[in-house]
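Work through the exercises below with the sequence and the model at hand. Try each task before reading its solution.

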Amino acid sequence: MPVIYNKLFKLLIDRRISNSELMDKAGFSANIITRLKKNEYVSMESIEKLCNALQVSVDEILDFVSVESVGTNERL
């Protein structure tokens with residue numbers, strides 16, 4: 001089931017956290033940010049680092065979408 005990270009980027013905007021600040025806080029590379037922006041696979045380890053750095057739960061940074069809605073960008 002595909003994942004989208006729109007909630008994460010809205011959260012970063014709301015908290016005024018830059019991508020470089022997030023990388024420093026979470027301890028990962030720019031490659032992870034790029035993968036998140038493209039809604040590509042990110043390991044559970046990276047998701048855990050994100051949640052810990054931002055002090056949020058998983059459901060506050062990502063949404064699961066159905067395979068059928070991936071082409072239409074509809075959210076569940």
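**Exercise 1. Describe the fold in outline: how many helices and strands does the protein chain have, and in what pattern do they follow one another?**

Solution. Start with the count: this predicted model has four helices and two strands in its protein chain. Next, read along the sequence, where the pattern is β-α-α-α-α-β. Then turn to contacts between residues at least 6 apart in sequence: 59% of them join residues at least 24 apart.

**Exercise 2. State what share of the protein chain is buried, and what area the chain exposes.**

Solution. The protein chain has 76 residues, and 36% of them count as buried. The exposed area is about 5,000 Å². Carbon and sulfur atoms supply 51% of that area.

**Exercise 3. Decide whether Asp63 is buried or exposed, and find the side chain that it meets in a polar contact.**

Solution. First locate the residue: Asp63 belongs to strand E2, which covers residues 63-64. The relative accessible area of Asp63 is 14%. Buried means under 20%, so Asp63 is buried. Finally, look at its side chain, which is joined to the side chain of Lys7 by a polar contact of 3.1 Å.

**Exercise 4. Place Val56 in the chain, classify it as buried or exposed, and list its contacts beyond four places in sequence.**

Solution. Val56 sits in the loop between helix H4 (44-54) and E2. With a relative accessible area of 11%, Val56 is buried. Once neighbours within four places in sequence are set aside, Val56 is in contact with Leu11, Arg15, Cys51 and Ile61. Take Leu11 from that list: Val56 and Leu11 are separated by 45 residues in sequence, while their C-alpha atoms are 9.9 Å apart in space.

**Exercise 5. Do the same for Ser46.**

Solution. Ser46 is part of helix H4. Its relative accessibility is 8%, so Ser46 counts as buried. Apart from neighbours within four places in sequence, Ser46 is in contact with Phe28 and Ile32.

**Exercise 6. Give the volume of the largest pocket and sort its lining by residue type.**

Solution. The volume of the largest pocket is about 170 Å³. Its lining includes Pro2, Val3 and Tyr5, as well as Asn39, Glu40, Tyr41 and Val42. Met44, Ile47, Val58, Leu62 and Phe64 also line this pocket. Sorted by type, the lining has ten nonpolar residues, one polar residue and one charged residue.

Methods
Residues are numbered from 1 along each chain as its sequence is written. This is a predicted model: local features need pLDDT of at least 70, side-chain atom pairs count only at pLDDT 80 or more; totals for chains, interfaces and linings use all residues. Side-chain values use heavy atoms; hydrogens and water are left out. Buried means under 20% relative accessible area, exposed over 50%, partly exposed in between (1.4 Å probe, protein chains only). A polar contact is a pair of N or O atoms within 3.5 Å; within protein, one must be able to donate a hydrogen and the other to accept it, and residues adjacent in sequence count only if both atoms are side-chain atoms. On a 1 Å grid over the protein atoms alone, a cavity is a set of points where a 1.4 Å probe fits but cannot get out, and a pocket is an open set with protein on both sides within 12 Å along at least five of seven lines; lining residues have an atom within 4 Å of a point. Grid points are joined across faces, edges and corners, and a volume is the space filled by probe spheres set on the points. Ala, Val, Leu, Ile, Met, Phe, Trp, Tyr, Cys and Pro count as nonpolar, Asp, Glu, Lys and Arg as charged, and the others, Gly among them, as polar. Contact means heavy atoms within 4.5 Å. Accessible areas come from the Shrake-Rupley method with a 1.4 Å probe; for residues, only the protein chains shown count as cover.
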